[in-house]
Amino acid sequence: MAHALWKGSISFGLVNIPVSLYSATTDRSIRFNQFEAGTTDRVRNQRVNERTGKEVEYDKIVKGYDVGGHEYVLIAPVELDELAPKRSTSIEISDFVDLVDIDPIFFRSTYVLGPTNPSANKAYGLLHRAMSAAGKVGVSTFVMRGKENLCVVRADREALLLETLYFDDEIRAPLQVLDDALTLAEPTERELSMALQLVDSMSAKWDASQYHDAYRADVEALIESKRQGEALITNSSGEQLEMAPIVDLMEALQASVSGAKRSRSAPRKPAAPAAAEPASKTRIAAKRSTKTTSAPAPKPAKAAAKRKSAPRRAS
């Protein structure tokens, strides 16, 4: 079983359920150490006094809050420790709300809640069943790792999940980000109709397995190639795509709808993650030239011959 990040209980009303908290996601970003070029010497960061250039010991560092005008309010770590909230032992649900009423912009991180011991299974299952039937999520706050978190507890298909949320004053309004410069132009009925056709032609059922981190796969292939003493000279696509300028909106919409229909009519094969392929397939041997050449197009005569050889359908 995974390592529990937090242990405590969920309480609603007079019901108390011992639970453990686990991370529901994994960060698969590739991380590197730093070395001096041409050597095998690691490079490390040091805390250095800007004025003297001398390294400063960690226990001699205090925090400074910038109040503007190159002025700072200095605060010692012990002063912050005295104000730090105490670790929560319970997630006390204060309200049950509809999940659809929470804008997705508020969601921060997802965790799995599991019963700490077998004796908690019944109460855990009861809360899961009740929230599933009601279509509600439980709102609460709790402290973990010295930080107070706003959160909701919700019923997933198999377990209870906890979603940490941003507080209201941490959310930036879109017009605040854009400095009130956004003006939504009103489309014509024809443009809107064509845009709706495009959305409909591109609609699909959500399948997370269809989407992969192509850049991470390329970096993994590069690492494996260099580990084997070879050189990787191209990325997975081998070329860069440039977006053509949109001259006419309706023309672009019509072309997009036609292209989407052709794409949907062709059989779609699920893309396999590049990282799952054997190392022999992900390594690319070094070449003298980095230019890529496309395969010659088939001759018209051969294409015509193929069409003639195809059997006709019975009418």
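**Exercise 1.** In this predicted model, find which residue just after α5 takes a positive phi.

*Solution.* Go to the stretch just after α5 and look at the backbone angles. Gly229 has a positive phi there, of about 80°.

**Exercise 2.** Check the length of α5 against the expected span, then describe its N-terminal end and its buried residues.

*Solution.* Step 1: α5 covers residues 214–227, which is 14 residues. At 1.5 Å a residue these should span 20 Å, and the end C-alpha atoms are 20 Å apart, so the two values agree.
Step 2: At the N-terminal end, the cap of α5 is Asp213, with a side-chain oxygen 3.3 Å from the backbone nitrogen of Tyr215.
Step 3: Ala217, Val219, Ala221, Glu224 and Ser225 are the buried residues of this helix, α5.

**Exercise 3.** Work out how the buried residues of α4 are arranged around its axis.

*Solution.* Step 1: α4 runs over residues 189–201 and reaches 18 Å from first to last C-alpha, close to the 18 Å expected.
Step 2: Buried means under 20% relative accessible area. In α4, Glu191, Met194, Leu198 and Ser201 are buried.
Step 3: Viewed down the axis of α4, these buried residues fall within an arc of 90°, so they line one face of the helix.
Step 4: On the other side of α4, the exposed residues are Glu189, Leu196, Val199 and Asp200.

**Exercise 4.** Place Leu178 and classify its exposure.

*Solution.* Step 1: Leu178 sits in the loop between α3 (174–177) and α4.
Step 2: Partly exposed lies between under 20% and over 50%. Leu178 has 40% relative accessibility, so it counts as partly exposed.
Step 3: Together with Leu175, Val177, Leu182 and Leu184, Leu178 makes a nonpolar surface patch of about 470 Å².

Conventions: Residues are numbered from 1 along each chain as its sequence is written. This is a predicted model: local features need pLDDT of at least 70, side-chain atom pairs count only at pLDDT 80 or more; totals for chains, interfaces and linings use all residues. Side-chain values use heavy atoms; hydrogens and water are left out. Helices (H or I, at least four residues) and strands (E, at least two) are DSSP runs, numbered from the N terminus. The expected span of a helix is 1.5 Å times one less than its number of residues. Buried means under 20% relative accessible area, exposed over 50%, partly exposed in between (1.4 Å probe, protein chains only). The arc is that of the directions from the helix axis to the C-beta atoms. A polar contact is a pair of N or O atoms within 3.5 Å; within protein, one must be able to donate a hydrogen and the other to accept it, and residues adjacent in sequence count only if both atoms are side-chain atoms. Patches are made of residues with over 30% relative accessible area and no salt bridge: like charges are joined within 9 Å, nonpolar side chains (Val, Leu, Ile, Met, Phe, Trp, Tyr) within 5 Å. Accessible areas come from the Shrake-Rupley method with a 1.4 Å probe; for residues, only the protein chains shown count as cover. A salt bridge is a side-chain nitrogen of Lys or Arg within 4 Å of a carboxyl oxygen of Asp or Glu.
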